[in-house]
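Colleague: I have this model open on my screen and would love a guided close look at one part of it. Could you pick a single residue, walk me through its surroundings, and then step back to the rest of the chain?

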Amino acid sequence: MMRIILLGPPGAGKGTQSQFISKEFGIPQISTGDMLRSAIAEGTELGKQAKGVMDAGGLVSDDLIINLVKERISKPDCANGCIFDGFPRTIAQAEALVDADIKIDHVVEISVPDDEIVSRLSGRRQHPASGRVYHVKYNPPKVEGVDDETGEPLIQRDDAQEDTIRDRLKTYHDQTAMLGGFYQDKSKAGGDAPEYHQFDGTQDIDVVKEQILSTLK
Ligand code: AMP
């Protein structure tokens with residue numbers, strides 16, 4: 001059993017690195033952002049509640065997210081663990097994991113400065129069905145505009161506009177960034193706490209990948 005949390009601002013490379021970790025250890029990636037986007041696409045009640053907040057770069061309520069995650073990790077594919085990508089995003093969500101006795105083994109923080117984030121997110125493209133992410137400049141698909149594995153079209157997410165990116169970064173600094181320190185302190189205290197590791201996310205994707213995988217092994 002191995003549960004991993006990926007921390008870092010939007011656009012740090014959490015989704016990309018999650019996929020590498022998922023392949024290496026055979027555990028699923030759980031992206032609360034992707035789950036919410038599917039709910040919006042399907043027009044569910046959850047999707048309706050989440051859409052406005054997401055478009056404005058804010059956070060969906062802790063209760064909704066916590067329930068979504070609890071339900072997801074009860075599925076059989078999570079029996080050997082999972083990778084949380086984009087969760088927890090608040091101290092309350094992190095505390096909910098502790099309260100529910102969901103033990104985390106590793107916290108991996110990927111650090112990237114704000115200016116770099118803005119240039120990255122505005123060039124980001126995604127294959128909606130699989131969650132695979134590309135970048136027009138840094139990680140282009142083999143053929144422009146289509147997914148490498150399925151050949152289906154890539155989309156630019158609604159929240160990839162520059163204004164929304166700035167709002168998402170503000171939300172990140174106000175509500176999420178402190179989770180790094182939160183887990184760092186817990187890790188130092190030892191005991192049952194997850195191990196905390198930090199990586200420089202401005203390095204090449206492959207370099208970050210090697211550093212993370214060798215740390216987790
Ligand atoms: P992401 O794809 O992880 O960047 O998430 C996209 C958007 O979904 C975020 O900007 C939030 O509005 C919402 N969201 C995703 N995960 C969470 C979470 N753990 N808590 C609250 N809101 C979330």
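Modeller: Happy to! Let's start with His135, which sits in strand β6, a strand running over residues 133–135. Please keep in mind that this is a predicted model.

Is His135 buried or exposed? Its relative accessible area is 10%, and the cut-off for buried is under 20%, so His135 counts as buried. As for its company, setting aside neighbours within four places in sequence, His135 is in contact with Ser119, Arg120, Gly123, Arg124 and Pro140. The side chain of His135 also has a polar atom 2.9 Å from the backbone nitrogen of Lys137.

Arg120 leads us to helix α6, which covers residues 114–122. Arg120 is one of the buried residues of that helix, together with Ile117, Val118 and Leu121. What lies over them? The cover on the buried residues of α6 includes strand β6, and also β5 (124–126) and α7 (162–176). So that you can place this on your screen: β6 is the strand that holds His135.

For another spot to look at, try Leu36 in helix α2, residues 32–42. Leu36 is buried as well, at 6% relative accessibility. Not counting residues up to four places away in sequence, Leu36 touches Leu46, Ala50, Met54, Val60, Ile65 and Leu68. If you want a sense of distance from there, Val208 is 172 residues from Leu36 in sequence, and their C-alpha atoms are 27 Å apart.

Now let's step back to the whole chain. Its secondary structure comes to nine helices and seven strands. The radius of gyration is 16 Å, close to the 17 Å that the globule rule gives for 217 residues, so the chain is as compact as a globular protein of that length. Along the principal axes, the C-alpha trace spans about 50 × 40 × 35 Å.

His135 and Leu36 have buried company elsewhere: buried residues make up 46% of the 217 in the chain. Among contacts with a separation of 6 or more, 70% are between residues 24 or more positions apart.

Finally, the outside. The chain exposes about 10800 Å², and carbon and sulfur atoms supply 48% of that area. There are 25 positive and 36 negative charges, and the mean positions of the two sets are 2 Å apart.

Key
Residues numbered from 1 in each chain as written. Predicted model: local features only at pLDDT ≥ 70, side-chain atom pairs only at ≥ 80, totals over all residues. Heavy atoms only, no water. Helix = DSSP H or I, 4+ residues; strand = E, 2+ residues; numbered from the N terminus. Rg over C-alpha atoms; globule rule 2.2 N^0.38 Å. Buried < 20%, exposed > 50% of the residue type's maximum accessible area, 1.4 Å probe, protein only. Contact = heavy atoms within 4.5 Å. Areas by Shrake-Rupley, 256 points an atom, 1.4 Å probe, with all protein chains shown as cover. Lys, Arg positive; Asp, Glu negative; His and termini not counted. Charge placed at Lys NZ, Arg CZ, Asp CG, Glu CD. Polar contact = N/O pair within 3.5 Å; in protein donor to acceptor, adjacent residues only side chain to side chain.
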